[in-house]
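Hi,

Here is the structure I promised to pass on. Have a look, and my notes follow underneath.

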Amino acid sequence: MKRIGFLSLILATWYIAAMYKQPALMALALTELFLFVGMFFMSRFFKRRMDVCFEKRKDETVKGKNYMCRVRLENRGWMPAGRLGIRLRYGFKDEEHPRKIRLAAAFSEGKRESTGFSLTASRCGILHMEMDRLWVYDYLSLFRSEKKMEASMQLAVFPPKETVDFSWLTGNREKSGEENGCRPLGDGGEIRQLREYRDGDSARNIHWKQTARTGEIWVKEYDGQEGEKLSLFLSMSDEREHTVEERDRFYTMLAAYLRFVAENGGETMVMWLDKEKGLCQAQVRDEAGIRSLLWELYQTFFEYKDLKKEVRTDYRLDMDLRLWKDGVAVGRLDGKIKTKVGV
């Protein structure tokens, strides 16, 4: 429409100049014509000198939390650029139809600018984002040139930092732990010493009297708390393919369980089978270890069939959240989740 309107203006100016024999209007019509042609070549000029990419190739966020994805624009030409349009696609690998979004941007000054858009992931996994089209406009937005892009980004979506009380698995409540043969994770037995609070310590181990007397946070350290090590095998390959909701719940509860072990001074050797890499393992002792493990699991290719290779570990966790020990199910990791305040 803009081009039609501009051409109509040129013709009207030319017609009036010819009718009234006005050299000034004739010059104006020629100027408008040259401007029209110049805008065409300007859009092509900008297209060859514009680069667009994600500011980060990899990043992470939390499920349900707003994330701002930043896109960097760079003009390699000597002329300031005009208006831009970018088309992006994003979605999880198992989604048939990724979502599309269009961004409009403009250079205010300088040769580098940034823009972005916000998104909220509703489940755990790796969100893949790609830029496939760039449109560059001239100053008057009469013409646009299209450029194919191949920029990509991976966004790891982790479960929120939640805590679940799994002490019923550790022999600290009634006698369930003794019957199941589970080892304590540190909040049972004799108090070995008091020490100052460190990041990752469980709030349940705070010594309130000492804390009140000194004004500093002190925690109780139990016999066997330091250096407690568990091994856990993730049985994620079976006879059926699990739904998105089942996998999301599995990642959430696995992270909560590993966090419970870490907050009580223990660490977990997690093992799983990858169809291409074979037996994989990761040592988890803190929040960074949990996220590193989840990143690996998100990229693991599981073949859905009966597990043939046996791996001896203290515990085994299946996709139905059943925790097994010595071939006996000792419980399910589907307790009520309480989100920590301020996380």
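Two strands count as paired here if DSSP finds at least two bridges between them. Helices (H or I, at least four residues) and strands (E, at least two) are DSSP runs, numbered from the N terminus. Keep in mind that this is a predicted model: local features need pLDDT of at least 70, side-chain atom pairs count only at pLDDT 80 or more, and totals for chains, interfaces and linings use all residues. Residues are numbered from 1 along each chain as its sequence is written, and side-chain values use heavy atoms, with hydrogens and water left out.

Now the sheet. It is open and mixed, with five strands in the order β2-β8-β7-β4-β5. β2 (58-62) and β5 (99-106) have a single partner strand each, so they stand at the edges with one side lacking a neighbour in the sheet. From one strand to the next, the twist averages 30° (axes are lines fitted to C-alpha atoms, for helices over the stretch in contact; angles run from 0 to 180 degrees between N-to-C directions).

Going through the pairs:
- β2 and β8 run parallel, joined by five bridges; Asp 59 has Leu 155 in β8 as its bridge partner.
- β7 and β8 are antiparallel, with 12 bridges. They form a hairpin with six residues between them, and Ser 141 in the turn has a positive phi of about 60°.
- β4 (residues 83-92) pairs with β5 in the antiparallel sense over eight bridges, and Tyr 90 has Arg 99 as its bridge partner in β5.

Finally, helix α6 (residues 287-298) lies across β2, β7 and β8 (contact means heavy atoms within 4.5 Å), running at about 125° to β8.

Cheers
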